[in-house]
Amino acid sequence: LEWLADCIGLAAREQGVDLAVIEGLGGVYKGEAARTMPMLHGAIRLELRRCKVPYMLLSPSSLKKFATGNGSADKTAMALAALKRLGREYRTSDECDADWLRIAGRFAYGYGEHLGGGRVLQLPQDQLRALRWSITKREEIIWPVVGSHRPWPGVELR
């Protein structure tokens, strides 16, 4: 855990990370994962705090809804959405999820995602809304202020 947290902290410092968007713990973990995943989350969040990198926890269902339009989508649907919308393929489902988390952070702060060739990722409003309202808790999702950047610039919450 310490080694992984150190690696995350080093990468965040070296890359000048402004915000880490982390997929929240969701579902039921089995076996050793039931013990290690919560500890890993805690170690990484502590390291990010030490490095003064703000982080945001996004629920798995919100991430899936943002990426695919379906809050209960599986890994295959996430990968298909990435291929269709982004033109990207990944070696693992973890890399796919990580890219969607990065893109979610960019959308939340008004940066969008540039796809090359002058193309910009466009998503339906119901998918964007998944970054603003929790599907399961039915409450507003609070994104942190990052430096002087506030989430949802120029967008009124509906």
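Trainee: Is Asp97 buried or exposed?

Mentor: This is a predicted model, so read every value as computed from it. Asp97 has a relative accessibility of 5%. The cut-off for burial is under 20%. Asp97 therefore counts as buried.

Trainee: Which residues is Asp97 in contact with, leaving aside its neighbours within four places in sequence?

Mentor: Start from its position: Asp97 is found in helix H5, residues 93–108. Leave aside the neighbours within four places in sequence. The contacts of Asp97 are then Glu23, Leu63, Lys75 and Met78.

Trainee: Which residue in S2 does Glu23 stand opposite?

Mentor: Take the strands first. Strand S1 covers residues 20–23 and pairs with S2 in the parallel sense, over four bridges. Ile22 has Leu57 as its bridge partner in S2. Glu23 stands opposite Leu58.

Trainee: What is the handedness of the β-α-β unit that S1, helix H2 and S2 make?

Mentor: S1 and S2 pair in the parallel sense. Helix H2, residues 32–50, completes the β-α-β unit with these two strands. The unit is right-handed.

Trainee: Which residues of S2 are on its covered face?

Mentor: In a regular strand the side chains alternate between the two faces of the sheet. In S2, Tyr55 and Leu57 are on the uncovered face. The covered face has Met56 and Leu58.

Trainee: Where is Lys52 found?

Mentor: Most residues other than glycine have a negative phi. Lys52 is not a glycine, yet its phi is positive, at about 60°. Lys52 is also exposed, with a relative accessible area of 72%. Its place is the loop between H2 and S2.

Trainee: Which element gives the largest share of the largest nonpolar core?

Mentor: That core has 29 residues, and those with the most contacts inside it include Leu58, Phe66, Trp100 and Phe107. The elements giving two or more residues to this core are strand S2 (55–58), helix H3 (60–68), H4 and H5. The largest share is seven residues, and it comes from H5.

Trainee: How many residues are in the second, separate core?

Mentor: Keep this core apart from the one just described. Ala12, Ile22, Ile44 and Cys51 are among its members. The number of residues in this second core is eight.

Trainee: Which residues of H3 are buried?

Mentor: Look at what lies over H3. The cover on its buried residues includes S1, S2, H4, H5 and helix H6 (125–129). The buried residues of H3 are Pro60, Ser61, Ser62, Leu63, Phe66 and Ala67.

Trainee: Are H3 and H5 roughly parallel or roughly perpendicular to each other?

Mentor: The two helices pack at an angle of about 80°, with their axes 10 Å apart. Angles of 65 to 115 degrees count as roughly perpendicular. H3 and H5 are therefore roughly perpendicular.

Trainee: Which residues in H3 meet H5?

Mentor: On the H5 side, the residues are Asp97, Trp100, Leu101, Ile103, Ala104 and Phe107. Phe66 alone shows the pattern: its contacts include Trp100, Ile103, Ala104 and Phe107. The H3 residues that meet H5 are Leu63, Phe66 and Ala67.

Trainee: What phi does Gly69 take?

Mentor: Gly69 comes just after H3. Gly69 is also one of the residues in contact with Gln127. The phi of Gly69 is positive, at about 95°.

Trainee: What is the relative accessible area of Gln127?

Mentor: Gln127 lies in helix H6. Beyond four places in sequence, Gln127 is in contact with Lys65, Phe66, Ala67, Thr68, Gly69 and Arg85. Gln127 is buried, because its relative accessible area is 4%.

Trainee: How far apart in space are Ala82 and Asp99, C-alpha to C-alpha?

Mentor: Ala82 is in helix H4, residues 75–86, and is buried, with a relative accessible area of 0%. Not counting residues up to four places away, Ala82 touches Gly87, Arg88, Tyr90, Cys96 and Trp100. Ala82 and Asp99 are 17 residues apart in sequence. In space, C-alpha to C-alpha, the distance is 8.9 Å.

Trainee: How far apart in space are Leu4 and Ala79, C-alpha to C-alpha?

Mentor: Leu4 is found in helix H1, residues 2–15. Leu4 is partly exposed, with a relative accessible area of 37%. In sequence, Leu4 and Ala79 are 75 residues apart. In space, the C-alpha to C-alpha distance is 26 Å.

Conventions:
Residues are numbered from 1 along each chain as its sequence is written. This is a predicted model: local features need pLDDT of at least 70, side-chain atom pairs count only at pLDDT 80 or more; totals for chains, interfaces and linings use all residues. Side-chain values use heavy atoms; hydrogens and water are left out. Buried means under 20% relative accessible area, exposed over 50%, partly exposed in between (1.4 Å probe, protein chains only). Contact means heavy atoms within 4.5 Å. A nonpolar core is a set of buried Ala, Val, Leu, Ile, Met, Phe, Trp, Tyr and Cys residues joined through side-chain atoms within 4.5 Å. Two strands pair if DSSP finds at least two bridges between them. A crossover is right-handed if, with the strands pointing away from the viewer, the path from the first strand over the helix to the second runs clockwise. Axes are lines fitted to C-alpha atoms, for helices over the stretch in contact, and angles run from 0 to 180 degrees between N-to-C directions. Angles under 35 degrees count as roughly parallel, over 145 as roughly antiparallel, 65 to 115 as roughly perpendicular and the rest as oblique.
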